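Q: Please take a close look at salt bridging in this model. I should like the partners, their distances, their places in the fold and their exposure to be treated together.

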Amino acid sequence: MSAFVIVEIEIHDQELYKSYTQLTPATIESYQGKFIVRGGETIVLEGDWQPKRLVLLEFPSVEVANSWWHSKEYTKARKIRQRASSTKMIIVSGA
């Protein structure tokens, strides 16, 4: 069953964040993941949620998504992202 990583990001340091965006795609691909949404326009339908940036990733399973997040390959990029932005991130199992 597919799994989706949903990320809400508020970038504080654009230059540092660029380093993150250069490192991350290869780590996602190495875990059979792919970008579904990468910072597109959002339209609020209900509530007061005003995300600055949303990213949606798809992986083959929750286990693979979790392995990617904890991987040695992604750790370097993750630490950069954590310095450059404030992030909320979850894994959701899907169909």
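A: A residue is buried under 20% relative accessible area, exposed over 50% and partly exposed in between (1.4 Å probe, protein chains only). E58, at 19% relative accessibility, therefore counts as buried. The model is predicted, so local features need pLDDT of at least 70 and side-chain atom pairs pLDDT 80 or more, whereas totals for chains, interfaces and linings use all residues. Residues are numbered from 1 along each chain, and side-chain values use heavy atoms, without hydrogens or water.

The structure holds two salt bridges (a Lys or Arg side-chain nitrogen within 4 Å of an Asp or Glu carboxyl oxygen). In one, E58 pairs with K34, with 3.8 Å between the closest N and O atoms. This pair links distant parts of the chain, 24 residues apart: E58 belongs to strand 3 and K34 to strand 2 (residues 34–38) (strands are DSSP E runs of at least two residues, helices H or I runs of at least four, numbered from the N terminus). Buried E58 is thus joined to a partly exposed partner, since K34 has 48% relative accessibility.

The other bridge joins the side chains of K18 and E15, at 3.2 Å from N to O. Both residues lie in helix 1, three residues apart, or about one turn of the helix. K18 is partly exposed because its relative accessible area is 44%, while E15, at 56%, counts as exposed.
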